[in-house]
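Let us take a walk through a protein chain together. Keep the sequence and the 3D view side by side as you read.

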Amino acid sequence: MTFEQFIFYLLATIATVAGLMMISVKNPVKAALWLVLAFVSTAGIWIMAQAEFLGLVLILVYVGAVMVLFLFVVMMLDINMAILKEGFTKYLPLGAMAAAAIFAMMYMVLGPEHFGLEVTGNPVTHPANYSNTEAIAIPLYTTHAYAFVLAAVLLLLGIVAAIALTLRRRPTTEVLYQDIDKQNKTLAADRFRMVKMSSVVEKEIVAKEEDDK
């Protein structure tokens, strides 16, 4: 076994163990930290496959931004673990069957007979001026341009749907909402009123203010 193979199997083992720990620990903060370790080890595998751009993007975007956001949300929310555990035993057989089916399909597609070193061989060594960023960008924005735009539209629809499903408007008796259309149609006569006061009433108001002082 070469040194590169040893590093690959080490990173793959760390990613597998971190993924298993992420779905098995009870504390959501620890689960997020295990997911960070899985991302870092996976980024190392990407870099070993000479896809440095994807590896760095995985660290910068997911570990540096998305996971930090997850940790903030998890720590700010008051998660009731007792409610999350309810019904776990009831759906355990169904979850076990779904997990077994997923692992079986992954093995059929990603098994050693399809992606072993005997089939694919060692990665191709590229020259020093090779840019994997350019190698990814050219087919992404030419051959797969429509699929890329479609994926972006689907992500946008997912964001809008998530906001629409989770938005809860409280009654106007509890919260005052801003109505932009009503504000734009408001006239000055509706908001401003001139009041004419007699001198006697004005003197009484001034005297009352002085007494209060």
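The paragraphs below go from the overall layout to the core, a few single residues, and then the surface.

This is a predicted model, in which local features need pLDDT of at least 70 and side-chain atom pairs count only at pLDDT 80 or more, while totals for chains, interfaces and linings use all residues. Residues are numbered from 1 along each chain as its sequence is written, and side-chain values use heavy atoms, with hydrogens and water left out.

Start with the layout. The chain has 12 helices and zero strands; helices (H or I, at least four residues) and strands (E, at least two) are DSSP runs, numbered from the N terminus. Of the 213 residues in the chain, 10% are buried. Here buried means under 20% relative accessible area, exposed means over 50%, and partly exposed lies in between (1.4 Å probe, protein chains only). A contact is a pair with heavy atoms within 4.5 Å. Among contacts with a separation of 6 or more, 52% link residues 24 or more positions apart.

The UniProt record, an unreviewed entry, places the feature "transmembrane region" at residues 6-25, 32-49, 55-79, 91-110 and 145-167. UniProt positions are given in the numbering used here, feature names are shortened, and annotations may be inferred rather than shown by experiment. Two of these spans are easy to trace in the model. Residues 32-49 are 94% helix and 0% strand, with end C-alpha atoms 26 Å apart. For residues 145-167 the figures are 96% helix and 0% strand, and the end C-alpha atoms lie 33 Å apart.

Now look inside. The largest nonpolar core has nine residues: Ala32, Leu35, Val36, Phe39, Ala43, Leu58, Val63, Met67 and Leu71. Helix H2 (28-48) and helix H3 (52-76) each supply at least two residues of this core, and H2 gives the most, with five. Such a core is a set of buried Ala, Val, Leu, Ile, Met, Phe, Trp, Tyr and Cys residues joined through side-chain atoms within 4.5 Å. Val63 makes a good viewpoint: leaving aside neighbours within four places in sequence, Val63 is in contact with Val36, Phe39, Val40, Leu58 and Val68.

Which residues does Ser41 touch, not counting those up to four places away in sequence? They are Leu11, Ile14 and Ala15. Ser41 sits in helix H2 and counts as buried because its relative accessible area is 4%.

Between H2 and H3 there is a loop that holds Gln50. Although Gln50 is not a glycine, its phi is positive, at about 60°. Most residues other than glycine have a negative phi. With 26% relative accessibility, Gln50 is partly exposed.

Phe53, in helix H3, links up with a region much further along the sequence: Phe53 and Thr133 are 80 residues apart along the chain, yet their C-alpha atoms are separated by 5.9 Å. Beyond four places in sequence, Phe53 touches Asn132, Thr133 and Ile136. Phe53 is partly exposed, since its relative accessible area is 35%.

Turning to the outside, the accessible surface of the chain comes to about 18000 Å², and 70% of it belongs to carbon and sulfur atoms. Accessible areas come from the Shrake-Rupley method with a 1.4 Å probe; for residues, only the protein chains shown count as cover. On this surface, Ile102, Phe103, Met105, Met106, Met108, Val109, Leu110 and Phe115 form a nonpolar patch with about 880 Å² of accessible area together. Patches are made of residues with over 30% relative accessible area and no salt bridge; like charges are joined within 9 Å, and nonpolar side chains (Val, Leu, Ile, Met, Phe, Trp, Tyr) within 5 Å. Helix H5 (residues 92-110) gives the most to this patch, with seven residues. Val109 lies in H5 and counts as exposed because its relative accessibility is 52%.

How many salt bridges are there? The count comes to one, where a salt bridge is a side-chain nitrogen of Lys or Arg within 4 Å of a carboxyl oxygen of Asp or Glu. Asp181 pairs with Lys185, and their closest N and O atoms are 3.3 Å apart. Asp181 is partly exposed at 44% relative accessibility, whereas Lys185 is exposed at 60%.
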